[in-house]
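Here are my notes on this one, point by point. Have the model open while you read.

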Amino acid sequence: MPRIIITGASDGIGAEMARQLAQAHQSRLQLTLAARNTANLEAVAQQCRSLGAQVLVVPTDVSEEAQCRALIDAAVQQFGGLDALINNAGVSAHALFEEVSAEDLGWYERLMRINLWGSVWCTHAALPHLKASRGAIVAVSSLAGLVGVPGRTAYSASKFAMSGFFEALRTELKPAGVSVTTAYPGVVNTRIRYHGYNARGEAAGVSGLKEDNAMTVAECARLILDGMQRRQREVVMSSKGKLGRFMKLIAPGLVEKIALAALKDDVKPH
């Protein structure tokens, strides 16, 4: 019976992963859902329960270490162990670095606490239990964690940091039989960019990226869960992402032009 924790599970990719897991495992699933929005969490939990899953809701702000550790403790106490931790919680941001004032620069640190440290703290607390079950860790990074995207200095920094941390951890945990899968979604049809920070550290309300060919949330969630099931090292989801990663090695200037082209005209640097 799989015992799985998902952070950032109140909407978007996290909520969809929860529903897909419940559909696949039904009454065999013991699922812990974490996020800050309790009402949304409860709604997702009810959807999963209607499919037969056992669900524990733990309202959690992953930018606080104590709450991360309390989340893991609650899940293990409820279900007797842990088989997988999906580090999905995160916040987006879009701002040209020169447009961020010295007084507002603190939100870079807040973003890092959520995107990097939330994953680090949850993973550290979960590690003994995952080693006991020879389980799985998933880190949801971004293509912005493989290629630096203009206007996303803070976001790319946090996602590059995630990529490096989990790549090193993967090697450390190989003898223990714990898999570490890092997922690199591109532009996905969620509201994360609208809720993310602008130059003042406020909710942007708009997306700075062109979203005409955004991947569906359902497809993104399916690919991440498939990667976890297969215990893959990495999940790079789109042909553009795979090509960009390769081209960065042989034609970095071209990749920079492609990254600029992904921005809407009104937010491009001048």
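1. Start with helix α3 (residues 65–79), where Cys-68, Leu-71, Ile-72, Ala-75, Val-76 and Phe-79 are buried. Buried here means under 20% relative accessible area, exposed means over 50%, and partly exposed is in between, with a 1.4 Å probe and protein chains only. Those buried residues span an arc of only 120° around the axis, so they sit on the same side of α3. The arc is taken from the directions pointing from the helix axis to the C-beta atoms. On the other side of α3, Ala-66, Gln-77 and Gln-78 are exposed.

2. A word on the ground rules before going further. This is a predicted model, in which local features need pLDDT of at least 70, side-chain atom pairs count only at pLDDT 80 or more, and totals for chains, interfaces and linings use all residues. Residues are numbered from 1 along each chain as its sequence is written, and side-chain values use heavy atoms, with hydrogens and water left out. Helices (H or I, at least four residues) and strands (E, at least two) are DSSP runs numbered from the N terminus.

3. What do the buried residues of α3 pack against? They pack against β1, β2, β3, β4 (84–87) and α4 (106–133); contact means heavy atoms within 4.5 Å. As for its length, α3 has 15 residues and reaches 22 Å from first C-alpha to last, close to the 21 Å expected at 1.5 Å a residue. That expected span is 1.5 Å times one less than the number of residues. Right after α3 comes Gly-80, with a positive phi near 80°.

4. Helix α2 (residues 38–50) can be read in a similar way. Its buried residues are Leu-41, Val-44, Ala-45 and Cys-48. They cover an arc of only 105° around the axis, which puts them on the same side of α2. Ala-39 and Ser-50, on the other side of α2, are exposed. The cover over the buried residues of α2 includes α1, β2 and β3.

5. Now the two ends of α2. At its start, a side-chain oxygen of Asn-37 comes to within 3.3 Å of the backbone nitrogen of Ala-39. After α2 there is Gly-52, whose phi is positive, near 110°.

6. Strand β2 (residues 30–35) is worth a look next. Six of its six residues are buried, so β2 is largely enclosed by the rest of the structure. Both faces are covered: Gln-30, Thr-32 and Ala-34 are buried on one side, and Leu-31, Leu-33 and Ala-35 on the other.

7. Who are the neighbours of β2? Strand β1 (residues 3–7) pairs with β2 in the parallel sense over five bridges, and the bridge partner of Ile-5 in β2 is Thr-32. Strand β3 (residues 54–59) runs parallel to β2 and is joined to it by six bridges; in β3, Val-58 is the bridge partner of Ala-34. Pairing requires at least two DSSP bridges between the strands.

8. On connectivity, the chain goes from β2 through α2 to β3 in a right-handed β-α-β crossover. β1, helix α1 (residues 12–25) and β2 also make a right-handed β-α-β unit. Right-handed means that, with the strands pointing away from the viewer, the path from the first strand over the helix to the second runs clockwise.

Notes:
Polar contact = N/O pair within 3.5 Å; in protein donor to acceptor, adjacent residues only side chain to side chain.
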